[in-house]
Amino acid sequence: MKRTNIDESILSPHISSPAELEVLSEKIRKLKAPSTKTVRVCGGPGCTAKGSLEIYALFIKAAEKLPEDIKIDNKCVGCHGLCERGPIVIIGSGDANGEIFYQQVEEPDVAEIFRETVLGGRIVERLLYEDSTTGKKVKSSEEIPFYKTQERIALTQNGIIDPTSINDYIAVGGYSALVKALTTMNPEDIIDEVIKSELRGRGGGGFPTGRKWRSCRDAEGDQKYVICNGDEGDPGAFMDRAVMEGNPHSIIEGMVIGAYAIGASQGFIYVRNEYPLSVERLGAAIEQARETGFLGRNIMESSFSFDIRINRGGGAFVCGESTALMASLEGRVGEPRAKYVHTVEHGLHDQPTNLNNVETWANIPSIINKGGEWFSSIGTEGSKGTKVFCLVGKIKNTGLVEIPMGMTLRQIIYDIGGGVKNDKAFKAVQTGGPSGGCIPEQFLDTPVGFDELTRLGSMMGSGGMIVMDEDTCMVNIAKYFLNFLKGESCGKCTPCREGIPQMLHILERITKGEGEDDDLEKLEVLGTLLSEASLCALGKTAANPVLSTIKYFRKEYEEHIYHQRCPAKECRGLFFYEILPEACKGCGICLKNCPVDAISGEKKEPHLIDQEICTKCGICFEKCPFGAIEKV
Amino acid sequence: MPKVSIDGIEVEVRKESTILEAARKAGIWIPALCNNPVIPNLATCRLCLVELDRGGRKQLVTSCNYPVRGDTVVSVSSERARRARRGVMELLLARAPESEELKELASRMGVDGTPYPTVTEAQRNCILCGLCIRVCEEVIGCSAIGFAGRGVDRSVTTPFRLASEDCIACGACAVVCPVGTIQIRIHEDTGEAEISPFKSRAKLLVCEECGKRMVTEPVAFQVNDRVKIDWEKFRKLARLCPECRRKKAAESVAMVALKKED
Amino acid sequence: MKEGIIKEIVNRYNNDDGMLIPMLQDIQAEYGYLPPEQLRVLSKTLDIPLMRIYSISTFYASFRHAPKGQHDITLCMGTVCYLKGSKQISDMICEEYNIEPGNTTSDRLFTLNAVNCVGACAVAPVMIVDRKYYGNMTPESALEIIHKLNLTIEAGDAGKSQKSQ
């Protein structure tokens, strides 16, 4: 089943000069004449889970029945961003009318969209996005608040190109940076440009990328390596997944440029085991790149040879740490090692190795094409360019966003995110995953940047941004992250291996109502110990969620410890269930379902929970059809 | 040669020496559990933490593997370093509450007990320093034991937790274990040595003259394998313990001397 | 028992023991799990200690030492899914089928895995059944999907895990 009835068989010759690339790019664009209708169905993880692939299949079927002269280009694109409103379908007609953005599309809608919009040029009003403030329906994504203030560099082509097609990538200027770098720049020029951009690592470390490249280039060694860290393990983060699956060629292009600049002849993309589609997409992209001459021997007729191999992780969060990742690539357990000797000097197989995150690599082509100065004109003093975030949790507009550094948390959460779901009270935003911290309301006007977030006791991390509301217990959140890290600690060093379970043990007691007087002090002492004595970043930052929540939500901890109460009403046993007499209809469902017979009451009369007997299991709360039971 | 200043005492050491080596040269004691002269340091126990002064910025580093490259200023007795070492020892004491060796080391460090409960159900009394594993792999060359799992539930064990086919019951792991968890047990009734807790057993060769226990059969096999002599011949050569062999050699020399006199 | 499969896999990676993890992944793809006997063969073929292989296979969470169920159910326990109730979903499934996460039901219908974040946080809580994603799950809707899973008894469909024994 072909996705498009446009003949692309003339494309994909071997490229060996900038002129050839330009010719090919032109050819591809010409093929998709203005009269071509484009149907873009989002194939990102959120939309796929809501059935977008089935929708895509229906569009292809519909196009098959058309006569030859009507050109339809169906694309299943990478994550477009507004996951909350998925499945997303964008119809483009290539002319001045621009695109039409449909959201929450379902299978029965396909026939109508095809008939009305694709063929007829008419809009299906009910599928348009409705602006909640104005009440007006908008036609294109540019008019949607979620997208309006974003600035896209790494995600530029996400949701636009077909990630399985190198032609699509070339048509929008893909690989022009590679061609430019290899034919008109020398390695030192390239590194200078990256240094000028002031790009800092997007995986969480925030180390200046240009400086890293320079150190690796200067290091002694006859075999150098470049690695792409695709082991995105932070829960709540799928930025790298979106790029690997939505625009894999951007990563390859960045890596070839980097390898050329550093003098590496072999590259690796380490993809976590839980992302099989990323492995598939990257694998296909590498094949295409080889066929087109962008990977392999003598790239662009130069003496530079470089190829990439994909390695899958085995299921270990710690392998996101660079030395553990390299150990894994060497066929060993993913244990980090001391970084007193840097990996740019002695890394993989003891050779000079440059490791960067997916998003970092994806920024390189733009920096080469538009210049380092352009990149550094965006952002703040210490944090240049843009950052991709996953805005998730108790937020109205969950999804994938890319914003210029310096935008405030408030702007991201309220202007882009639309504010807290169900209009509940904002409580905290968690950034940096298990290594980060929870930031409370008073700091919402903080501009987003590496140092700014670190100063608040959190960190930029890889880009997960989890919004929490008044119903979130911060003690429980700290417990959650510690439990996560307990299972992911490699076990090599004492502080992390033993300290995390000790901290978790204390938190478990606290959430059960068995807190002790010196618990907070003990947690702070252990937290300091971990940050000072651990071998790697996992252990060193493991206490951040606990310490940041104690810092900003101490009262909540004290309520648990001294009053055996959970103010957010999450910790079982530390709050009560009460039946509201005014709302209770006396239906008896709660009574019937109570496993310990704690509820009493006559039919059609308000019922009562005996708090002495009640085990706080919450079944009555779940089952009440009138919402007459309240958490107190 | 770079100069290292440790708590004010200065020593000169070769480049790429470790801070721990420098401290020993200076006569300053730093506790170290997973440190062993024959095996390269992995700094897993974290007991040897010291405070490094990088001209303004201070950082805690493990002295057993931090390479000295230029002039270095280190504080062993700073409050921050002491606190970190104490914290690590307290965690270790909670992990291995029955080890006498650990309690002794704690005492020498001035650490009196631990405020932490023992929270792990996993392999107790093993501080997972890895010395046994590495001596088996790197020095003996058998790789009969290793780590299984990760994190706090990690344990030192054999493949599939069955008696290891690769174990020669040489006892090196027991010798090197800093907390006395690995033990060599002699079974008089069967003439076997057992390495506990790894369930490895092997027959012990005894001196044919005095009956003293020498090495296990697999160890003898391994040595024989390396010197490549016929096993029976080797067994003949190895049938006596060093003392008896000396005695026998002395006797034969005496016999020759006597013969000559005749 | 498939003869020569280990040799084939080892050759695929040029006898490079640095590629041990991909080799184990291929063995698991073949058998559905890592049979101890095959690991012994691997140890001999590559001439590396069995202990090294065992350390690696027990370190990485994706490796199994016992056959898995006919269906693969993965529950995401990432932060967002957890906030939205993935633990309750897990508890409900475990109670009904009398298993723990990581284990297989006694009739080998399915293996229940718990992983930390599958990257579909926008539609949390997420459950993946045989690589198909289901979003916005509740304990009820999750069980509904699982109840529809069938155990195929025919010899041919008995699954690779059967063949390997």
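Colleague: Contact means heavy atoms within 4.5 Å. How many residues of domain 3 of chain A are in contact with domain 4 of chain A?

Modeller: 15, and they meet 15 residues of domain 4 of chain A. The bounds come from an automatic or database domain assignment. Before we go on: this is a predicted model, where local features need pLDDT of at least 70, side-chain atom pairs count only at pLDDT 80 or more, and totals for chains, interfaces and linings use all residues. Residues are numbered from 1 along each chain as written, chains are lettered from A and ligands numbered from 1 in written order, and side-chain values use heavy atoms, without hydrogens or water.

Colleague: How much area is buried between those two domains?

Modeller: About 1,200 Å², with 66% from carbon and sulfur atoms. On the domain 3 side, Lys427(A), Pro434(A) and Cys438(A) lose the most area to domain 4 of chain A, together 44% of what that side buries. Buried area is the accessible area (1.4 Å probe) that two parts lose on being put together, summed over both.

Colleague: What does Lys427(A) pair with in a salt bridge?

Modeller: Glu556(A), with the closest N and O atoms 3.0 Å apart. The rule wants a side-chain nitrogen of Lys or Arg within 4 Å of a carboxyl oxygen of Asp or Glu. The count between these domains is 1 salt bridge.

Colleague: Switching to chain C. How many of its residues are in contact with chain A?

Modeller: 34, against 48 residues of chain A. The two chains bury about 3,200 Å² between them, 59% of it on carbon and sulfur atoms. Phe59(C), Thr79(C) and Leu83(C) supply 19% of the area that chain C buries there, more than any other three residues.

Colleague: Which residues form the salt bridge between these chains?

Modeller: Glu54(A) and Lys132(C), at 3.5 Å, N to O. The count for this chain pair is 1.

Colleague: And the core. Which residues have the most contacts inside the largest nonpolar one?

Modeller: Ile251(A), Phe294(A) and Phe306(A), in a core of 133 residues. Such a core is a set of buried Ala, Val, Leu, Ile, Met, Phe, Trp, Tyr and Cys residues joined through side-chain atoms within 4.5 Å. Buried means under 20% relative accessible area (1.4 Å probe, protein chains only).

Colleague: What does Phe294(A) touch?

Modeller: Leaving aside neighbours within four places in sequence, its contacts include Ile15(A), Leu21(A), Val256(A) and Met300(A). Apart from this core lies another, of 127 residues, among them Leu535(A), Leu49(B), Ile53(C) and Tyr60(C).

Conventions:
Buried < 20%, exposed > 50% of the residue type's maximum accessible area, 1.4 Å probe, protein only.
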